[in-house]
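Colleague: Could you take me through one part of this model closely, and then set beside it whatever else helps me to read the fold? I would like one connected account rather than a list.

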Amino acid sequence: MTTDQTIGIIGSGLGGLSAACVLAARGYRVSVFEKSSWLGGKAAVLEEEGYRFDMGPTILIYPSVLRKIFAEARRDLSNYLQLEPLEPQWRCFFENQSRLDLFGDPGAMQAELRKFAPDTLDGYERFSEASAELHAISNRFFFWRSIGGMRDTFQAGSMFDLSLLRDVSRMKLTQTVAQAIRRDIKDPRVAQMLDHLVQYVGSSPEKAPAILCAIGHMQASEGVWYPRGGTRAIPEALIRLARELGVRFFRNTPIDRITTAGDSVTGVITSRGEHIPLAAVVANSDSVRTYRELLGGKFAKEFNRKRKYEPACSGVVLYLGLKRRYEQLAHHNFVFSRDPSEEFNAIYDRGELAHDPTCYLCTPSSTDPSVAPPDREALYILVHTPYLRPHHDWKQIYPFYRKTIFEKLARAAGMRDLESAIEFERFLTPADIHRRYGVLNGAIYGIASHGRLQGGFKPANHDPNLRGLYLAGGAAHPGPGMPMVLMSGWIAADRLDQDAIVDYAAIAERRYQETADAV
Amino acid sequence: MRNKALSRHVIIAGAGPGGLAAAALLSHAGLRVTILERRPYVGGRTSNFTAGGFRFDYGPTFFHYPQVLQSIFQSLGHDLWKEVDLIRLDPHYRLVFGGGGELVSTSNIRAMEAAVRKINPEDARHLSRFLLDNREKLRKFRPFLETSFDSWRDTIQPRLLSILPVLKPWRSLDSELSRYFSDPRVRLAFSFQSKYLGMSPFECPSLFTILSFLEYEYGIYHPVGGCGSLTAALNRICVQQGVVIHADEPVEEILVNGRKAVGVRTARGEYKADAVVINADFARAISRMVPNRARRRWQDHKLATKTLSCSAFMLYLGLRGTYDRVGHHTLYISKDYARNMDDIGHRHVLSDDPSFYVQNACVTDPSLAPPGKSTLYVLVPVTHQTRAIDWNRERPRYRELILDKLAAIGVTDIRSRIEYERIITPAAWDTEFNLHQGSVFGLAHTWSQMLHLRPRNRFEDLDSVYLVGGSTHPGSGLPVIFESARISSRLLLKDLGERVPWDERSPESVVAGVA
């Protein structure tokens, strides 16, 4: 047992904040080291000239994960965060001008499909059932435990458990997401809409394993939510909880090195050269770069030996303050490419920009007027691009791609006067994202979920060879997307707690005090 | 079997389930066994009483994890399933939450998920993980439940240290369950079982999540005729094997020669013995049977510092008519359960909204009452005896309060139906049943009173004395009491240089055979 019982967390992204809250709730002393001047990682906010933009994720699904984190501390999420349901969940625009709304309510969805593509009604129901089943399987075997591959899955259960074998046979290991969708859904537009559920994890539906269809049911069963104050309210709520639980935050404190002795983590060295002894480290930094840049040596070699991880996609984000609103838009909108295969092939196979890209648009002003001055809009546009390649010079590319995006929006979503409506403009290119967030090759979503067998697996949240190292974030199990990242922080913290890393007498004493206070 | 006259003689003080099981095991191994029982009948609290045609169990009414007793029966050449008519209950029980909501527990996992979903949809998703993790936990901990903890050295054996992360002594049952379930009601559904040990889920060690796991994995059974049928079956085997049983003859003193027990004294005389097994409430028995000066570790002033588990206020009701809509087992959980537990364990006062347990066994087993009538067994966990509560005064008030509260689980209009009634208060448990301070579950199962820190199976303060029952390792509850009989009998036989016949078959294979 080490003498210093503090747990260090590298990075205050949603995964790091989640781990910090869970550990503190269980009685650990926690310090969070953040390289940037703000806390919350990509869940940052841009507030200027009367406009407010969430800079990173905008769609919150599966809020039960957040509730669970607050429940660890015996707190009620609703005292920290007000969530409002969004319906329709998405509005979809197609190249041929047709429009389809995605509803959470099954009755409303049926009515919508009856108008749009009545032939798909039965198929849609079959797909929904398959998605529910894959979600249930995920719950049993992938979620809430530290898993790095199929072997861990079997160790978590018992290999001879018949129900496990039955589940394995139902995982559709031979199918991709795109195939699973198209087996049930014949209408190409409805299929394209469902394809984009895996865009939450920045991966190609044509390469991602069918188990990821679970996202469909995760969204359908719990809905899509808007936190009052925007996505930014989520890290704010977690930071508040963490502070109440005694977590200490160190901003502007990049970590250069994780120190080890033998096969145990002993602490970290900051960029100022200060050595901070720690009982364990939860790295919320990109996992591949954590091994490569913070650890190195035999641990990095072992990590790289196991498997080569491919970055997920990157993207261009535009933050536009508009003098007008577009009434045809809902809160969340997808303006789809003319051909998903062509698009995914460019981004994920060839590593080039899609000529006719899918654009995601967020226009929150109708839900939350505080994001913009009256009758104005804080428009957020995200277009997926390949992760950074050496020849991508975004200074050169960006102006041309901006034009491509605007033309697409004019053509498919009827936003003809967009250029003239702009009174405020900021943007991030993959190069900016790479610099700003310290991610792998500018990837927004950590590691790609590609490969029918391995695609569902990310690096586990613990390292079997290095005691005291835990991973959280989109580049660790169970993967990217807000609920998954929050879950990854919970798993990392829970695994640390299970591993009895810290002298438990100290923990027991603190817990006892808290119980006594509570009673 | 060898000639008993030539065999060594063991005295067993107490004919509870632990004493009877030990008697059966030891006599089967070839020893001469005499049981001396204080009360006029065998079985201890695991026995029936009959009145007005109604039959009641005094104490335990849940029987789970029959694998332990079955394995003992098998090593005696018997089959539990033939000796006792066991009915597997499904659903297990119904939980009624004072704060609203109900949960019907079943070992059909899909149905259980659906039941949890009704209370909290998010928590239902974590049920499988809870069961998987606990299957692993039991697998790792089972060897320790099946061996003795003779000294602190036994606890630092590498095997036990290696499972510390599984045992997590620094966490309570409730906090461990927070890993799986957010809703306090769902956590209670998987933690109230700590009351089988007489403990609060907020203080009970996290290890005991295996208690609820055992129910889902192996089921809950009702022995036809009540749990007294289990001790009756053991008694039959003992008699067949030539065990001499003297009821109504309490052991007054353990006779010693130096540090070694050589026999016992009762009102009728002295008995010589090569070994003495105590199956009685530990604190009470030791302070009566062994003079304080002969004790080292368990002197009176040390006993006084031990944490005791709770007591119980009991109502045994014989009723005209039946409540067919109320299931076999029902638990009412106080609206403010934490407060209720605090009242019991720390504040030592009576709650106004107490949790309680009701057995309406006639829905499964009509043999317990005359036709058209039924029995109702009501157990209210309350503080062990303290000066603050005068049960002579509280008894009528608490009876009325409980009869009113029964409406919450669907037992309405009960007063007019009562044909027979018996009440046992903590004061009566203390005086009539000789339970120290009326504590029905003995020493609390905190980590400071478990494993080697619990009174050991081989009594520390005197040679040739062994303990069985809920007071010793592994602890209270029928399955572990039977396990204690097996552990202590093994030690006794080895100390006497005798064979341990049942170890000659691998215990793992026995358990696997019936699981």
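Modeller: In this predicted model, chain B shows that 72% of the contacts with a separation of 6 or more are between residues 24 or more positions apart. The chain contains 20 helices and 20 strands, and 53% of its 515 residues count as buried. Within it, the part I would look at closely is Ser311(B), which lies in strand β15, residues 311–320 of chain B. Is Ser311(B) buried or exposed? Ser311(B) has 30 C-beta neighbours inside 10 Å, and because 20 or more are enough for a residue to be classed as buried, it counts as buried.

The partners of Ser311(B), leaving out residues up to four places away in sequence, include Val382(B), Thr383(B), His384(B) and Gln385(B); Ser311(B) also touches Pro426(B) and Trp429(B), and, further along the numbering, Gly438(B), Ser439(B) and Val440(B). By contrast, Glu498(B), which is 187 residues away from Ser311(B) in sequence, is 39 Å away from C-alpha to C-alpha.

A residue of chain A can be set beside this one. Thr259(A) is placed in strand β11, residues 255–261 of chain A, and Thr259(A) is partly exposed, with 17 other C-beta atoms within 10 Å. Once neighbours within four places in sequence are left aside, the contacts of Thr259(A) are with Thr266(A), Gly267(A), Val268(A), Ile269(A) and His275(A). Asp195(A) lies 64 residues from Thr259(A) along the chain, and their C-alpha atoms are separated by 43 Å.

Turning to the helices of chain A, α13 spans residues 340–350, and its buried residues are Pro340(A), Glu343(A), Phe344(A), Ile347(A) and Tyr348(A). These cover an arc of only 90 degrees around the axis, which puts them on the same side of α13(A). Among the elements that cover these buried residues are α8 (188–195) and β18 (377–385) of chain A, while the face of α13(A) turned away from the buried side carries Asp349(A) and Arg350(A), both exposed. After α13(A) comes Gly351(A), with a positive phi near 70 degrees.

Two helix pairs of chain A complete the account. Helix α1 (residues 14–25) and helix α10 (residues 233–244) of chain A pack at about 30 degrees with their axes 9 Å apart, and they are therefore roughly parallel to each other. The crossing in which α1(A) passes α10(A) is left-handed. On the α1(A) side the contact is made by Leu14(A), Leu17(A), Ser18(A), Ala20(A), Cys21(A) and Ala24(A), and on the α10(A) side by Ile234(A), Pro235(A), Leu238(A), Ile239(A), Leu241(A) and Ala242(A). Sorted by class, the residues of this contact are 11 nonpolar, 1 polar and no charged.

The other pair is formed by helix α4 (residues 121–141) and helix α7 (residues 177–184) of chain A, which pack at an angle of about 140 degrees with their axes 7 Å apart; α4(A) and α7(A) are therefore oblique to each other. Here Gly123(A), Arg126(A), Phe127(A) and Ala130(A) of α4(A) meet Ala180(A), Ile181(A) and Asp184(A) of α7(A), and the contact of α4(A) with α7(A) has 4 nonpolar, 1 polar and 2 charged residues.

Methods. Residues are numbered from 1 along each chain as its sequence is written. Chains are lettered from A and ligands numbered from 1 in the order in which they are written. This is a predicted model: local features need pLDDT of at least 70, side-chain atom pairs count only at pLDDT 80 or more; totals for chains, interfaces and linings use all residues. Axes are lines fitted to C-alpha atoms, for helices over the stretch in contact, and angles run from 0 to 180 degrees between N-to-C directions. Helices (H or I, at least four residues) and strands (E, at least two) are DSSP runs, numbered from the N terminus. Angles under 35 degrees count as roughly parallel, over 145 as roughly antiparallel, 65 to 115 as roughly perpendicular and the rest as oblique. A crossing is left-handed if the near helix is turned anticlockwise from the far one by less than a right angle, and right-handed if clockwise. Two residues are in contact if their C-beta atoms, placed from the backbone, lie within 7 Å. Ala, Val, Leu, Ile, Met, Phe, Trp, Tyr, Cys and Pro count as nonpolar, Asp, Glu, Lys and Arg as charged, and the others, Gly among them, as polar. A residue is buried if 20 or more other C-beta atoms lie within 10 Å of its own, exposed if 12 or fewer, and partly exposed in between; C-beta atoms are placed from the backbone. The arc is that of the directions from the helix axis to the C-beta atoms.
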